[in-house]
Each structure stands twice: as C-alpha cells, then as structure tokens.
Amino acid sequence: MMNKHKLWIGSISAAVLLGGSAVAASSSVNGQSVQTSPSSTSQSVTQDQSSTGKLLTGAQAKAAALKAAEGKVDDIDLERRNGQTFYEVEIDRKGSNDVVVRLDAYTGKILAVVDDEDYDDDDDYNYNYNGSATSTSSNQSAAKQVKLTEAQASAIALKQVTGGKVTQIELDHDDGRYVYEIEIRTPDGEADVDVDANTGKVLSLDQDFDDED
C-alpha cells in the first residue's frame, strides 16, 4: 500500500515537472512573440492616426524631418493640397544647400526632400487664414455661434507645440466657417495655429524658430 502511494505521488510529481517544462516552453515562445510585437505595434500606431484624425504635433514633425535631413529647423508649416494633409519643414544645413522636407501629417511618412533653391510652393493650397482681425465686440458676438471656447481652442493649439504660451487669440469668420487664430510663444520661437471653432480641427500650423547664430 505504501509503495502504491509513493508511486502515485511520483506520478503526480512527474506530471507537474512535465507541465512546468511545458509552461516554460510556452512562455519562451510567447516571450519571442512579445519581443517582436512592439515593433509591429509602433509601426501601426502612426498608420492608425489618419483613421482617428490625430495629427502629428509640430515637435513630432520636426523630429521626423530631421531624420530625413540633418540640420536646424527654421520653419514648420501644416498644409493641405488635393485632399492630402502634410507638413513642410524648412531645414538649414551648414556646408550644403538648405532643404524642405515634406511629410504626411498623420503618419510621418517622408513624401519628399527638396533643395530649398528648387522648391516652389506656388501650387500648394495653404490653409492659412489672413482675414482682418475682428474687434472684441465682434468676437463676443461670434463666440455665441461656435461650440468651442477660447480656452478649449487654446488647449488644442498648445498640443501642437512644445512648451508654448498663448499670447493672442482671435475668432475670425473665413471661408464660411469660424476659426480661432492663435499666436503662441515657444522657447524656440513663435507659432500660429488656426483651429476650427466648431470641430476643434487644427487647420493650420506655422511655427518659426529663432536664429541661434
């Protein structure tokens, strides 16, 4: 009886050991898949941004452009043309010609790197709003017809730049819609951001960087 009991215990122990090694092997296989999944996930993150409508920030656009061309960023513009939304980043390069890097505003994919001397944006449709500034009373009247407050629009604009502070905001009516035109001071320069006053969509971003020379 004692021998049978010992044999039964031994069988259980063997099963546990075998099960443990099976689990270990399984975790090893899963470990390999976990190591490969972050890269595939990171690759899909920016691909999913266009479907969610999330724009890259100015800082993200700057970083992506500098990977395509080393130098010092002078200016960042958010533009739309033929249904495509993209950033154009001007980069100064010492010892060689300056370039303009064009990249998809949602995925960060580099669309073109063009010599600044050969670059011509006459054909680009730039969503910059240059309407005359409205008076305070006009702003107050128009504010009743929009969904976003100045504070909400400012918060949206500040997400597009790094460490910025709003210095001026105006509500303008242009091209049949209300737009908040927001001026921001950043540690590196200035930025102008246009935000749709009803949808919160960023329509335009123009970021200028101070010269350090």
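**Close-up views of a predicted model**

**View 1. Pairing of strands β5 and β6.** In this predicted model, Asp172 has Val179 of β6 as its bridge partner. The strands concerned are β5 and β6, the latter spanning residues 177–186, and they run antiparallel, joined by 9 bridges.

**View 2. The open sheet and the helix α2 that packs on it.** The sheet is open and has 8 strands, which follow one another in the order β4-β3-β2-β1-β8-β7-β6-β5 with antiparallel pairing. Its edges are formed by β4 (110–115) and β5 (165–174), each of which pairs on one side only. On average, and with direction ignored, neighbouring strands of this sheet are turned by 15° against each other. Packed on the sheet is helix α2 (residues 58–68), which touches β1 (72–81), β2 (84–92), β3 (99–104), β4 and β8 (202–209), and whose direction makes about 60° with that of β2.

**View 3. Strand β1 between its two partners, β2 and β8.** Of the 10 residues of β1, 8 are buried, so this strand is largely enclosed by the rest of the structure. Towards β2, with which β1 runs antiparallel, there are 9 bridges, and Asp77 stands opposite Glu88 of β2. The two strands form a hairpin with 2 residues between them, and in the turn Asn82 has a positive phi of about 50°. Towards β8, which also runs antiparallel to β1, there are 3 bridges, and here Asp75 stands opposite Asp208 of β8.

**View 4. Helix α4 across the strands β5 to β8.** Helix α4 (residues 150–158) lies across β5, β6, β7 (189–196) and β8, and runs at about 55° to β6. The buried residues of this helix are Ala153, Ser154 and Ala157. They lie on the same side of α4, because the arc they cover around the axis is only 100°. Among the elements that cover these buried residues are β5, β6 and β7.

**View 5. The largest nonpolar core and the surroundings of Ile182.** The largest nonpolar core has 35 residues, of which Tyr87, Val89, Ile91, Leu103, Tyr180 and Ile182 touch the most other members. Strand β6 gives the most to this core, with 4 residues. Beyond its neighbours within four places in sequence, Ile182 is in contact with Ala153, Ser154 and Ala157, with Val166, Gln168 and Ile169, and with Ala191, Asp192, Val193, Asp194 and Val195.

**View 6. Val146 in the loop that precedes α4.** Val146 is found in the loop between α3 (136–143) and α4. With a relative accessible area of 11%, Val146 counts as buried, because this value falls under the 20% limit for burial. When residues up to four places away in sequence are not counted, Val146 touches Leu171, Tyr178, Tyr180, Ala197 and Asn198. Although Val146 and Asp196 are 50 residues apart along the chain, their C-alpha atoms are separated by 9.2 Å.

**View 7. Gly200 in the loop between β7 and β8.** Gly200 lies in the loop that connects β7 and β8, and Gly200 is buried, its relative accessible area being 14%. Leaving aside neighbours within four places in sequence, the contacts of Gly200 are Leu148, Ile156 and Val195. Gly200 and Gln152 are 48 residues apart in sequence, whereas their C-alpha atoms are 8.3 Å apart in space.

Definitions and conventions. Residues are numbered from 1 along each chain as its sequence is written. This is a predicted model: local features need pLDDT of at least 70, side-chain atom pairs count only at pLDDT 80 or more; totals for chains, interfaces and linings use all residues. Side-chain values use heavy atoms; hydrogens and water are left out. Two strands pair if DSSP finds at least two bridges between them. Axes are lines fitted to C-alpha atoms, for helices over the stretch in contact, and angles run from 0 to 180 degrees between N-to-C directions. Contact means heavy atoms within 4.5 Å. A nonpolar core is a set of buried Ala, Val, Leu, Ile, Met, Phe, Trp, Tyr and Cys residues joined through side-chain atoms within 4.5 Å. Buried means under 20% relative accessible area, exposed over 50%, partly exposed in between (1.4 Å probe, protein chains only). The arc is that of the directions from the helix axis to the C-beta atoms.
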